[in-house]
Amino acid sequence: MTVARALLILFLMVVVGVVMVGVRSESAKAANRIQKLHERKVVLKQKLWSKELELAQLRGPEAIRRRAVEMQLDVVPPAATDQDKAKKKNVPPNTGPLND
Amino acid sequence: MKNLAGQSVIATVLIVLVALMGRLVYINAHDGPRLIGLAERQQISEVPIIPRRGLIVDCRGRIIAGTTLRKSVFVDPGVLPDTQLAAKTLADILDVDPSEVGPDLLAAGEKRFFVIRRGITEEQSQRIAAANIYGLGVFSEPCRTYPMNDVGAALVGFVAPDGVGVSGLEYQCDKWLAGQNGVKTIVRDARRKAFWLADGGYRPARDGFHVVLTIDAEIQANVERELIETVSKYKAESAVAIVMHPQTGAILAMANAPGFDPNHYRDYGAAYYRNKSVTDPYEPGSTFKPFIASGALAEKAVRRGEVFDCERGSWTDGARTLRDHHPYDFLSFEEVLIKSSNIGMGKIGKRLGNEKLFEYCRTFGFGEKTGVDLIGEDAGILRPLARWNSFSTTSIPMGQELCVTPLQLARGYCAFANGGKIVKPYVLRAVMDAGGEVVSDFTPPLPEEPVISPEIIETMKDKILVEVVRQAASQHAKLPNYTVFGKTGTAQIAKKGGGGYVPNAYVSSFVGGAPAKNPQLVVLVAVRKPQKSIGYYGAVVAAPAAARILSHALAYLGVPPEPPAQEPIASSNDPNALPPLPLDAVPYD
């Protein structure tokens with residue numbers, strides 16, 4: 001084996017090594033990015049769920065009635081005010097079966 | 001010499017290399033699996049992916065129960081450097097007294113993971129992270145939320161903190177709502193920070209299916225509001241109401257009062273959690289009379305317009321004396337129902353006899369479960385025929401000696417509204433996956449055959465039950481734009497274990513529907529133990545609430561108004577027959 005051939009082999013091995021490290025590095029970066037995207041997806045899902053429920057609260061019959069009263073839209077019977085909630089708290093707490 | 005020295009160096013290097021390689025081979029062969037395991041334990045961890053619990057939505061897709069994520073604080077007491085300092089810091093962030101947090105930290109004992117406080121704010125979460133106390137951390141956990149608060153609470157139920165349904169539909173539909181856990185395999189760096197996903201290390205969670213109900217949140221909320229008003233006004237113990245679509249059996253509202261807020265279910269007792277419409281039977285009283293009257297017509301035991309001597313309000317039959325709220329001389333068959341004469345019904349019962357009475361109770365589905373898709377349904381109480389006696393002959397026609405659930409009674413009235421068919425009530429409409437595809441459709445098949453002649457049913461509805469609302473004190477249930485049919489009841493409450501009735505304790509009820517020509521809704525309102533001094537007749541207590549519920553629901557559903565029925569009823573030609581009562585008169589029940 002000549003010195004030149006030995007150097008060539010050494011060079012090729014270095015190149016292959018560098019390429020492998022590069023590939024490994026890119027693969028790690030990609031995997032890391034996927035992991036970060038997963039984390040982001042979880043955060044976004046949380047936000048979506050939270051917004052969905054916020055929307056559900058706003059779409060709730062009581063919320064709509066309250067807003068209609070606040071905006072004086074004159075489409076809600078007089079009883080449907082915040083007093084409803086107060087009345088709910090005043091009902092007697094004892095409750096039993098319909099048939100004693 | 002120089003050459004020899006060089007060869008010695010090379011030989012030494014080679015020996016060292018061979019020794020190293022040998023050591024490597026030894027380690028690989030001998031300790032390899034153990035070391036690989038150790039490395040994997042340090043670098044790779046499997047993290048469960050918690051699925052989102054499915055939504056419970058009403059028939060228009062409005063969310064009644066949903067899941068969000070909340071931040072909670074945990075502690076690992078084993079590594080906590082200074083409990084006092086941690087308690088002080090945490091108390092400062094959570095804005096509470098350190099004495100409130102300290103015992104919690106100490107209570108953690110030997111546990112490695114102990115939740116100190118659930119549902120903290122985002123800002124508090126960031127401050128805890130910034131405090132950087134080893135052993136104290138914040139994590140996210142699913143949190144079941146009921147955005148409409150108490151709407152449909154007894155029906156929907158609630159889940160325990162671990163996310164498992166423990167009451168109502170949350171419990172019943174847990175298999176659909178729960179979903180399946182996923183898992184991700186994470187490679188971590190030296191500081192245990194998630195670095196990347198391992199190859200093939202991601203199995204997504206399957207979110208829970210959504211459950212679609214037949215309930216309409218708007219109607220449900222209004223029904224609950226009316227019940228609360230009624231319970232409050234009459235200082236009653238409790239009330240239930242049901243709104244049903246009589247043609248299909250779909251339940252649009254099913255409510256209890258007082259209700260509870262499932263977001264804070266621990267603040268209420270177990271009695272609040274019960275869905276009384278299906279679990280609590282009661283004696284129906286006069287609301288039961290139309291079923292027996294229909295049976296009497298079907299058996300030709302009575303004729304329309306036939307006159308009954310109502311004995312001026314007191315009639316002794318064997319060992320038993322029946323009384324009417326008002327003394328009547330003669331009433332036509334129709335008037336017996338319109339004026340709710342117990343004596344008239346007793347006489348009709350005697351014509352039918354116990355066997356036929358029992359048969360028609362069963363015909364309308366009493367004494368057996370309705371088959372509604374809700375857990376805990378009671379079958380009511382209809383004693384076996386062998387245990388009936390001569391008292392039963394006159395008691396059953398008045399709605400005594402048997403108990404029905406509100407749902408059984410509402411379903412019975414659906415038969416008056418749909419031409420005599422016994423529908424199967426249902427609340428679960430469908431189950432959908434997270435993408436909105438229907439997984440299961442629970443709409444039950446419609447009944448084909450009526451259990452009793454449609455002509456008799458029409459007669460009962462159009463000629464009698466409409467007149468009950470038009471003429472008698474039940475006109476509290478009258479609506480300006482719709483013809484309402486129905487019947488009131490004021491039933492005494494039987495003592496536990498028998499032996500008579502509880503004094504001054506009643507279940508005041510109204511069951512009916514509208515529009516009479518083509519009924520779209522049947523509504524039942526039953527109010528338990530209203531205060532007698534304020535009012536206790538079904539016509540006074542329950543009928544107005546039922547009317548408001550009907551009025552709201554019919555308008556909301558866009559049911560076109562209809563002119564009121566004009567046809568006069570058959571009369572006994574009795575010159576002493578009572579004229580229609582004014583609204584403030586004593587009602588008949």
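In which strand of chain B is B:Asn504 found? In this predicted model, B:Asn504 belongs to strand β20 of chain B, and its backbone stands out in that phi is positive, at about 55 degrees, although the residue is not a glycine. A second residue other than glycine with a positive phi is B:Lys529, for which the angle is near 55 degrees. B:Lys529 is placed in the loop between β21 and α17 (538-541) of chain B, and its side of the chain surface is described by a relative accessibility of 26%, which counts as partly exposed. Most residues other than glycine have a negative phi, and most peptide bonds are trans.

Departures from the trans form also occur in chain B. The peptide bond that leads from B:Ala257 to B:Pro258 is cis, with omega near -5 degrees, and B:Pro258 lies in the loop between β10 (251-257) and α9 (270-273). A cis peptide bond likewise joins B:Ala514 and B:Pro515, where omega is about -15 degrees; B:Pro515 is located in the loop between β20 (501-514) and β21 (521-528) of chain B. Strand β20 is also the element in which B:Asn504 is found.

Confidence in the prediction can be stated for the model and for chain B. The model scores ipTM 0.70 and pTM 0.82, while chain B averages a pLDDT of 88, with 94% of its residues scoring at least 70. Over residues 568-589 of chain B, however, the pLDDT is below 50, and this stretch has 54 contacts in the model beyond near neighbours in sequence.

Chain A consists of 100 residues, of which 23% count as buried. Its secondary structure comprises three helices and zero strands, so that the order of elements from the N terminus on is written α-α-α. Within helix α1 of chain A, A:Glu26 forms a salt bridge with A:Lys29, the closest N and O atoms being 3.7 Å apart. Both residues lie in this helix, three residues apart, a separation of about one turn, and A:Glu26 is partly exposed, with a relative accessible area of 48%. A salt bridge with a distance of 3.9 Å, N to O, is formed by the side chains of A:Glu54 and A:Lys51. These two residues are separated by about one helical turn because they are three residues apart in helix α1 of chain A. A:Glu54 is partly exposed at a relative accessible area of 39%, whereas A:Lys51, at 52% relative accessibility, counts as exposed.

The interface between the chains brings 37 residues of chain A into contact with 57 residues of chain B. About 4100 Å² is buried between chain A and chain B, and 58% of this area is on carbon and sulfur atoms. The polar component includes four salt bridges between the two chains, and three residue pairs are found in polar contact across the interface, with both residues at pLDDT 80 or more. The side of chain A that touches chain B draws at least two residues from each of α1 (3-59), α2 (61-70) and α3 (83-90), and the largest share of that side, 18 residues, comes from α1 of chain A. One salt bridge joins A:Arg65 to B:Glu218 through their side chains, at 3.9 Å from N to O.

Over all chains, the count of salt bridges comes to 34. Side chains of opposite charge can pair when their charged atoms come close. Within chain B, B:Arg274 forms a salt bridge with B:Asp280, the closest N and O atoms being 2.8 Å apart. The partners in this pair are assigned to separate accessibility classes: B:Arg274 is partly exposed, with a relative accessible area of 27%, and B:Asp280 is buried, with a relative accessible area of 3%. Elsewhere in chain B, a network of salt bridges links B:Arg53, B:Arg144, B:Glu170 and B:Asp174.

With respect to cysteines, the count of disulfides over all chains is zero. B:Cys361 is in no disulfide, and the nearest cysteine sulfur, that of B:Cys403, is 12 Å away, a distance to be set against the cut-off of 2.5 Å for a pair of sulfur atoms. B:Cys361 counts as buried at 0% relative accessibility, and B:Cys310 is also buried, with a relative accessible area of 0%.

How values were computed. Residues numbered from 1 in each chain as written. Chains lettered and ligands numbered in written order. Heavy atoms only, no water. pLDDT = per-residue confidence, 0-100. Contact = heavy atoms within 4.5 Å. Buried < 20%, exposed > 50% of the residue type's maximum accessible area, 1.4 Å probe, protein only. Buried area = accessible area lost by both parts, 1.4 Å probe. Polar contact = N/O pair within 3.5 Å; in protein donor to acceptor, adjacent residues only side chain to side chain. Helix = DSSP H or I, 4+ residues; strand = E, 2+ residues; numbered from the N terminus.
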